[in-house]
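Biologist: Hi, have you got a minute to walk me through this one? I'd like to start with the charges and rings.
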Amino acid sequence: MEEFNGKKFALLPLCHSLPYTCYEVGHTWTPHCHLAALQTARDSILFSLKVYTTFYGGTTLLKLLKKKNRKNWKKFLVRQVLAILQSSIFLSSNGTFYMAFFCLHRHIFGKFYRWNGGLAGFSTGLVSIMLERKERRMLLATYISNLALETLFQMGKTRNYVKGINNGQVLIFSIASAGFMSLLRTPHGLSEYLQSPLEFFVGKGESGKLEAPQENTDVDGGEKKKPSLLSSVAQKSEHILSYVIRNFCKQLPSDKHHSCQHRDGCLHYSIEGFVRQFIIGYLAELLLNLLRAIRSRKGFIKIFRSRNLAMFLGSFVGLFRFCNCLLRWLCGGDYPAVNGLISGLVAGTSFYFYKSTTVALYFLCKLMEILMGKAVNCGYLPRIPHADALVYATALSVVLSAAWIEPHNIRPGYWKFLLGVSGNRFPDMFRKLVPEFLPDQKTLYMDFIPNLDAKYIKSEKVLELLKRFGKM
């Protein structure tokens, strides 16, 4: 068996092949391809059901707070159960079809090529995404694209093609933030499902809307509706928070520019945004830390010390509001799209308090999705049928190719998830047989030597390697 040579790896053409069977390299636990796919499917579906039952279970409880869902609760629960089953089948199909296509392409081409894992991943993505609900396909494509970009960057670092940039996550998030905030301030720039949560965080003043006092009245008779318990608690919390902020800011100047849409002075408006989101972020992080402490049964003392999320949210909103007001004063008027772009870029620097490559890349991918959608609607780009499926398949090919020959370049948290989707089969691949395909010897499971049945081994090199390690 040839020793690993980094220079040789870099010069290997894509047509370079190795003459091993899929049993010798891939499904080393069974010599039969159909059994390998079926066993992967069996283990993967159990994992997928566990994932989506937990996910949909939580969202179902939240949706049952709505009166219309409680009124027709039987139909609602049936829809949720069907959604769990469909999404579980989709998720498990990623692991199952990858194993099937891994074998199929080996039988078609007769050998293993470096791109076999990527091609199997692309084929898997095209088939599996069609099993998921249409409204979820673009969401999944965006998420897996984020992961593929992160994986490609790690692959580039492994090969010394690229180098990391200090605070690169902050730069990426700032660019994404500039785009989103410009769209937020542009009429009809964002869809309602994105506009609403952003308005909740930064306030409606920068999107040209003012929060008017709301009265709980009936459309017909004008009688007050009795608020729900959750709504009542939210309203009381809002009143208390507003009272605290107003008393804290009452000594500040009340000056504001004539083009500003907010009610109070610019300094009051900016500080209010910081304090409000700081409190929300602190409480959210406190809850998350408490859940982690309960799960691990340790670290209860530290749950009150973490303020990273609070500082990020508070600083983001405070800077965004302050920059918009400052630009209005400097320019003598409001230029929504431009001011939103500049203010979003500046506010994005607050990501320094909550650095996350995953979050930064997700927002960048989401922004690219929105901009490309607008370009298609305006006729600047052609409309491609099933574009979401093609994006998903392309991104999945990158991730699953890495899962075969360089799993150490995949984010550890997602690698653990990928093991569950594959029925924990990726560690059983015989990577020591394909050193020419590996970028370096740091890849995971390089020391794994399977117990292969000599009756199904066709390569003399495989027999020699197994004898060397005492497996024959």
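Modeller: Happy to. A charge counts as sitting over a ring if NZ of Lys or CZ of Arg is within 6 Å of the ring centre and within 35 degrees of the ring normal. Keep in mind that this is a predicted model.

Biologist: Which residue lies over the face of Trp-29, then?
Modeller: That is Arg-425, at 4.5 Å from the ring centre.

Biologist: Nice. Let me step back a bit: how many helices and strands does the chain have?
Modeller: The secondary structure comes to 17 helices and two strands. The chain has 472 residues, and 43% of them count as buried.

Biologist: And what about the contacts between residues at least 6 apart in sequence?
Modeller: Of those, 72% join residues at least 24 apart.

Biologist: What does the accessible surface come to?
Modeller: About 26,500 Å², and carbon and sulfur atoms account for 64% of that.

Biologist: Back to rings. How many aromatic pairs turn up in the whole structure?
Modeller: The search finds 32. One of them is Phe-97 with Phe-101, a tilted pair with 6.3 Å from centre to centre and 40° between the planes.

Biologist: Where do Phe-97 and Phe-101 sit along the chain?
Modeller: In helix α5, which covers residues 73-109; they are four residues apart there, so about one helical turn separates them.

Biologist: Is Phe-101 buried or exposed?
Modeller: Phe-101 is buried, at 17% relative accessibility. Phe-97, on the other hand, is partly exposed, with a relative accessible area of 28%.

Biologist: What other ring pair does helix α5 hold?
Modeller: Tyr-98 and Phe-102, also four residues apart in α5, or about one helical turn. Their ring centres are 5.9 Å apart and the planes make 45°, so this pair is tilted. Both Tyr-98 and Phe-102 are buried.

Biologist: Which cluster do Tyr-98 and Phe-102 belong to?
Modeller: Ring pairs link them with Phe-112, Trp-404, Trp-415, Phe-426, Phe-437 and Tyr-445.

Biologist: Okay, changing topic: how many salt bridges are there in the whole structure?
Modeller: There are 14. One joins Asp-334 and Arg-185, where the closest N and O atoms are 2.6 Å apart.

Biologist: Which parts of the chain does the Asp-334 and Arg-185 pair tie together?
Modeller: Asp-334 is in the loop between α12 (308-331) and α13 (336-347), while Arg-185 is in helix α8 (residues 168-185), so the bridge ties together parts 149 residues apart in sequence. Asp-334 is partly exposed at 24% relative accessibility, whereas Arg-185 is buried at 7%.

Biologist: Cool. Which salt bridges does Glu-272 form?
Modeller: One is with Arg-276, with the closest N and O atoms 2.9 Å apart. Both residues lie in helix α11 (residues 266-296), four residues apart, which is about one turn. Glu-272 also meets Arg-321 in a salt bridge, at 3.7 Å from N to O. Arg-321 lies in helix α12 and Glu-272 in helix α11, so that pair ties together parts 49 residues apart in sequence.

Biologist: Are the three residues buried or exposed?
Modeller: Glu-272 is buried, with a relative accessible area of 17%. Arg-276 is buried at 12% relative accessibility, and Arg-321 is buried at 7%.

Biologist: Last one: which residues do salt bridges with shared partners join into one network?
Modeller: Glu-132, Arg-133, Glu-135 and Arg-136.

Note on methods. Residues numbered from 1 in each chain as written. Predicted model: local features only at pLDDT ≥ 70, side-chain atom pairs only at ≥ 80, totals over all residues. Heavy atoms only, no water. Buried < 20%, exposed > 50% of the residue type's maximum accessible area, 1.4 Å probe, protein only. Contact = heavy atoms within 4.5 Å. Areas by Shrake-Rupley, 256 points an atom, 1.4 Å probe, with all protein chains shown as cover. Phe/Tyr/Trp six-rings, centres within 6.5 Å; stacked < 30°, edge-to-face > 60°. Salt bridge = Lys/Arg side-chain N within 4 Å of Asp/Glu carboxyl O.
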